[in-house]
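Please look through the sequence and the model below, and then follow the report, which begins with one loop and widens to the whole chain.

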Amino acid sequence: MRTEHLEVRALASPSSHPRVGFIIPRYRHSAVDRNRLKRRLREIVRMALLHRLPAVDVVIRARPSAYEASFEMLLSELGRLERPLSGMVEGS
């Protein structure tokens, strides 16, 4: 699945709980920028998504435009992906 700022992949997890990983390429940004984006995405997943997901393994890859996205914009994009992620596993 792809949004304006993120690419998301998911598979059913062999564990009994959801797991989320992040890929934050440099795209000519500093380590400070990368860490700030990583912290934003982790917080969004922790507070808005993790407790609602079924047992899935999710990888979230930031696109270059994610560095300029606001916290609210990233939250909105990941929130819209909750239903497809849940359905992806239930339909498998």
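## A loop and its surroundings

In this predicted model, Tyr-27 has its place in the loop between strand S2 (19-23) and helix H1. The phi angle of Tyr-27 is near 45°, which is a positive value in a residue other than glycine. With a relative accessibility of 30%, Tyr-27 counts as partly exposed, because that class lies between the limit for buried residues, under 20%, and the limit for exposed residues, over 50%.

Arg-28 is also found in the loop between S2 and H1, and although Arg-28 is not a glycine, its phi is positive at about 65°. The relative accessible area of Arg-28 is 88%, so this residue is exposed.

A second loop, between helix H1 (31-49) and strand S3 (56-62), holds Leu-53. Is Leu-53 buried or exposed? Leu-53 counts as buried, because its relative accessibility is 8%, and the cut-off for buried is under 20%. When residues up to four places away in sequence are not counted, Leu-53 touches Pro-18, Val-58 and Leu-85.

Within helix H1 itself lies Arg-40, which is partly exposed with a relative accessible area of 26%. Leaving aside residues up to four places away in sequence, Arg-40 touches Ala-69, Ser-70, Phe-71 and Leu-74.

Leu-53 and Arg-40 each belong to a pair for which both the separation in sequence and the C-alpha to C-alpha distance in space are listed here.

| Pair | Apart in sequence | Apart in space, C-alpha to C-alpha |
|---|---|---|
| Leu-53 and Glu-82 | 29 residues | 7.3 Å |
| Arg-40 and Glu-72 | 32 residues | 9.9 Å |

## Helix H2

Which residues of helix H2 (residues 71-80) are buried? They are Leu-74, Glu-77 and Leu-78. Seen down the axis of H2, these buried residues fall within an arc of 95°, so they line one face of the helix. On the other side of H2, Glu-72 and Arg-80 are exposed. Two of the residues of H2 have thus appeared before, since Leu-74 is among the residues that Arg-40 touches, and Glu-72 is the partner of Arg-40 in the table.

## The whole chain

The protein has three helices and three strands, and, read along the sequence, these elements follow the pattern β-β-α-β-α-α. Among the contacts in the protein with a separation of 6 or more, 90% are accounted for by residues that stand 24 or more positions apart.

The C-alpha atoms fill a box of roughly 40 × 20 × 20 Å, taken along the principal axes. For 92 residues, a compact globule would have a radius of gyration near 12 Å, and the protein, with 13 Å, agrees with this.

Of the 92 residues in the protein, 36% are buried. The accessible surface comes to about 5700 Å², and carbon and sulfur atoms hold 51% of this surface. As for charge, the protein has 17 positive and 10 negative charges, and the mean positions of these two groups are 6 Å apart.

Note on methods:
Residues are numbered from 1 along each chain as its sequence is written. This is a predicted model: local features need pLDDT of at least 70, side-chain atom pairs count only at pLDDT 80 or more; totals for chains, interfaces and linings use all residues. Side-chain values use heavy atoms; hydrogens and water are left out. Buried means under 20% relative accessible area, exposed over 50%, partly exposed in between (1.4 Å probe, protein chains only). Helices (H or I, at least four residues) and strands (E, at least two) are DSSP runs, numbered from the N terminus. The arc is that of the directions from the helix axis to the C-beta atoms. The radius of gyration is taken over C-alpha atoms; the globule rule is 2.2 Å times the number of residues to the power 0.38. Contact means heavy atoms within 4.5 Å. Accessible areas come from the Shrake-Rupley method with a 1.4 Å probe; for residues, only the protein chains shown count as cover. Lys and Arg count as positive and Asp and Glu as negative; His and the chain ends are not counted. The place of a charge is taken as NZ of Lys, CZ of Arg, CG of Asp or CD of Glu.
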